[in-house]
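The exercises below are meant for a reader who is meeting this structure for the first time. Please attempt each task before reading its solution.

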Amino acid sequence: MKYARIVAIAFLVAVSLGCLLADYIAPASYARQFREEPNAAPSRQHLLGTDDLGRDRFSRVLYGTRVSLLLAPAAALLSSLLAALIGGIAGFAGGWLERLVMAGTDLFLSLPWLFLLITVRALLPLNVSPLVSVAITFALLGCLGWAGAARVICADARSLAHSDFVLLARASGSDGFRLLWRHLLPNLKPVLYAQFWISVPVFILTEANLGILGLGVAEPLPSWGSLLREMESFSTVSGQPWQFVPLILFIVVVSSFHVVLSKEELPA
Amino acid sequence: MKKLSYCLSFVVLVSSAMLAQAGSELRFCLRAEPKTFNPLLAADDASETIRYLTGGVLLRVNRLTQDLEPELATDWKITNGGKTITFELRDGLQFSDGTPFSAEDVAYTVQQLMDPALHSPTGDSFRSGEGKVETRVARKNRITITFPAPIAGLDRLFDQVAVMSAKSSQKEMAVLGPYYVAENKAGSYIVLKRNPYYWRKDPVGHALPYIESVHLDIQQNRDAEMLRLTRGQIDFINSIDAEYFDKLAAQDPAMAHDAGVSLDSEQMWFNQVVSAPLPVYKKMWFTSTNFRRAVSEAINREDMARIVFHGHARPAAGPVSPANKFWFNAKLAPHPFDQKSALQRLTQDGFHLQGGVLRDHEGHAVEFSVITNSGNKYRERMATMMQQDLSGIGIKLNVVTLDFPSLIERITRTFDYEACLLGLVNDDLDPNAQMNVWLSSSDTHQWNPSEKTPATAWEAEVDRLMRAQASNPNPKKRKEYYDRVQEIAWEQEPFIYLVNKNALSAVSASVHNVHPVALRPQVYWNVDELSLSSEFARNR
């Protein structure tokens, strides 16, 4: 397991470095259309061939990975912070506030996510650049993805609020925000980390799902979702195995996150 | 005497059944379940398929020649300035349940069709003015129908009207077409059986149709449909995408049929609604003919047809496809890809290039968004190609894909959009079918709906020409008017027509006498003349 973790971390580091250095590694702009070579097979010029519009697939994979790998953790961070704030306060305060917040959280969890995302996405301003659209997409994911984590954090905060060291802190005159900030939150860190790492692959998958529906990152910016859309009709890609590279990369990256996460989930 | 006629009809039935391919079954897929079997209410593809296969019509547009041919009517005449049509009907015909056919049935069908309570989409084409439609049955096989106002191209509209029985207890299930609905397993399949009373015969006198039954599977997944075709489980796919077509052509060229350019078009338009929530300077861009023409000239339609549609499309010139033999204005050619000319036009309007960015006379960088429906990869690719093309003249285009209801909301209610890319599926050859698009007062006058008075002089001219063609019974004169409408559309480009897609279909070699055409239904338009190879029919 230790060996698998090292391999997973090494792989994630390699992929992260590759996509961060995309500007130097990519043989062409992700948006440039080589219109004389649509759907080209791999060649020296195009390592993974070209897509339907003649865009270099290797470059698109690099940039798409960058988009998904940078923004999914950012969205996970946002949702984890929201979860910490909402779940932490509810669990710490207890009583009617906890019941109210948790009822709101349950209501939020019962919302059909996909339809909610589609609706919210449709209400956004149209004239935004692809970069802004990608930021909006992931910000939406972050804003909508806190509820599950908030429940877990609330439960943890509730038990911490009644623990001996908190009682001792109270007895020493610590209360309110200081108690929450100095004593409770540091002890919630392990569960927050776990929630963060769980959220990363979930958001990558959600963006991919939105991308497959054509509602993810705007063209011409690539993301894993838009790259995976190339495979929506199996019969047309089955003769071009290089088109599976984004899918394989996606699976391996998400699996690597889970392998790394299995260690993070261990009790601190 | 009655006994003798029963005996005769029995003999006819037995012999025709023998000549038909015993046990033969034609199979293909519907992409959704038909919403109705009532031919007057058919509006979706699946219901229209059932109507075409089962419905008997007075007149039929031959999908190959595009000429109007007699079917249940032997002759017809339009009088009273296009308000009245008189049909002479065939004698001795019967519905699929044996009920005799007469002029009473046509009168009943027309009354049903025009009944406002029924809300028949087919009937809408006949609503020419206020007032009642009168039907007069002069004798058993002669009927005169009078509409409250003239309808141009009246006779061709009857291609869509399947005659229903006034007397049959089976109501709309009693039909006069080549097949009748024998079995319907909701969500799974529909079986049509050969109509034993179908009136048509082949040139040597054999009763049609040749194929005993038609099995329609409900299959939404196009991959599965393709697999079923290549495995021989279905006989054809009426309409396939360019990607599937190329794959099939590589596997088995004989199966892939490209019938040439179809009636369908893909187009883009700018939002010119006065009350739209857009900045004033953008409204000025969008209402400028030079701006629209420049954008049009900066788009490489040839590349679009070649790359997005794999060469199975043609750059579009205007609202009428070249597939529409009579109405297409052959003088018009698609706008050529010419970025130099585009920039010249923009300069005339005060635009200028600054550091590779196009700016208007107030210094605003030219940037706009185009919305299209998500999930349609062809449109998304077209928009992405436009993005690169327009960057060549310094315009930044943002592509936004929206779910269909949100898109419709924006283009029909809130008008909160800048440009839209959509397609037009056209079934009707006659320009009257496009009245709702071209009349400035119409709510489907997409670039600026429901205008109280025409916003521009050219829109007023289009209104006049469209009304003139709609009220003139002379086809030559109508063509003149509509040619001018096409010219104005070409000059002003309220719609920037991009491509006309080809009619692509896939047909198994087991089906004989197939002649795929550009008009719907591309493959089975002559279903009563199709046959299956004898070996295949036996195996089934």
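A residue is buried if 20 or more other C-beta atoms lie within 10 Å of its own, exposed if 12 or fewer, and partly exposed in between. The model used throughout is predicted.

**Exercise 1. Two residues with positive phi**

Determine whether His119(B) is buried or exposed, and do likewise for Glu493(B).

Solution. Begin with His119(B), which lies in the loop between helix H3 (103–114) and helix H4 (121–124) of chain B. Its phi is near 55°, a positive value in a residue other than glycine. The count for His119(B) is 11 other C-beta atoms within 10 Å, so this residue is exposed.

Turn next to Glu493(B), located in the loop between helix H16 (475–492) and strand S19 (495–507) of chain B. Phi is positive here too, near 50°, and the residue is again not glycine. Glu493(B) has 24 other C-beta atoms within 10 Å and is therefore buried.

**Exercise 2. The confidence of the prediction**

State which element of chain B has the lowest mean pLDDT and which has the highest.

Solution. Chain B averages a pLDDT of 91, and 95% of its residues score at least 70. Among its elements, helix H1 (residues 2–19) has the lowest mean, 45, whereas helix H9 (residues 289–297) has the highest, 98. The pLDDT is below 50 over residues 1–18 of chain B, a stretch with two contacts in the model beyond near neighbours in sequence. Where pLDDT is low, the predicted coordinates should not be read in detail. For the complex, the predictor gives an ipTM of 0.79 and a pTM of 0.85.

**Exercise 3. The make-up of chain A**

Find how many helices and how many strands chain A has, and check the span of helix H6 of chain A.

Solution. Chain A has twelve helices and zero strands. Its C-alpha trace spans about 75 × 45 × 30 Å along the principal axes. Of the 268 residues in chain A, 40% are buried. Among contacts between residues of chain A at least 6 apart in sequence, 69% join residues at least 24 apart.

For the span, take the 15 residues of H6(A), residues 130–144. At 1.5 Å a residue they should span 21 Å; the end C-alpha atoms are 21 Å apart, so the two values agree. The buried residues of H6(A) include Val134(A), Phe138(A), Leu140(A) and Leu141(A).

**Exercise 4. The contact between the chains**

Identify which helix supplies the largest share of the side of chain A that touches chain B.

Solution. The contact takes 22 residues from chain A and 30 residues from chain B. Helix H5 (113–123) and helix H11 (234–237) of chain A each supply at least two residues of the chain A side. The largest share, three residues, comes from H11(A). By type, the chain A side divides into eleven nonpolar, eight polar and three charged residues.

**Exercise 5. The largest nonpolar core**

Name the residues that touch the most other members of the largest nonpolar core.

Solution. This core has 201 residues, of which Ile153(A) and Cys420(B) touch the most other members. Its largest share, 16 residues, comes from helix H3 (residues 57–93) of chain A. Not counting residues up to four places away in sequence, Cys420(B) touches Met268(B), Trp269(B), Val370(B), Ile371(B), Thr372(B) and Ile411(B). In soluble globular proteins, nonpolar side chains tend to be buried together.

**Exercise 6. A helix and a hairpin in chain B**

Describe how strands S6 and S7 of chain B are joined, and list what the buried residues of H3(B) pack against.

Solution. Strand S6 (residues 134–139) and strand S7 (residues 142–146) of chain B run antiparallel and are joined by five bridges. The hairpin passes from S6(B) to S7(B) through two residues. Arg139(B) has Arg142(B) in S7(B) as its bridge partner.

H3(B) has twelve residues and reaches 17 Å from its first C-alpha to its last, close to the 16 Å expected. Among its buried residues are Val106(B), Val110(B), Leu113(B) and Met114(B). The buried residues of H3(B) pack against strand S5 (84–89), H4, S6 and S7 of chain B.

**Exercise 7. Cis peptide bonds**

State where Pro220(A) and Pro521(B) lie.

Solution. The peptide bond from Glu219(A) to Pro220(A) is cis, with omega near 5°. Pro220(A) lies in the loop between helix H9 (176–212) and helix H10 (224–229) of chain A. The bond from Arg520(B) to Pro521(B) is cis, with omega near -10°. Pro521(B) is found in the loop between strand S20 (511–512) and strand S21 (531–532) of chain B.

Key. Residues are numbered from 1 along each chain as its sequence is written. Chains are lettered from A and ligands numbered from 1 in the order in which they are written. This is a predicted model: local features need pLDDT of at least 70, side-chain atom pairs count only at pLDDT 80 or more; totals for chains, interfaces and linings use all residues. Two residues are in contact if their C-beta atoms, placed from the backbone, lie within 7 Å. Helices (H or I, at least four residues) and strands (E, at least two) are DSSP runs, numbered from the N terminus. Ala, Val, Leu, Ile, Met, Phe, Trp, Tyr, Cys and Pro count as nonpolar, Asp, Glu, Lys and Arg as charged, and the others, Gly among them, as polar. The expected span of a helix is 1.5 Å times one less than its number of residues. A nonpolar core is a set of buried Ala, Val, Leu, Ile, Met, Phe, Trp, Tyr and Cys residues joined through C-beta atoms within 7 Å. pLDDT is the predictor's confidence in each residue, from 0 to 100. Two strands pair if DSSP finds at least two bridges between them.
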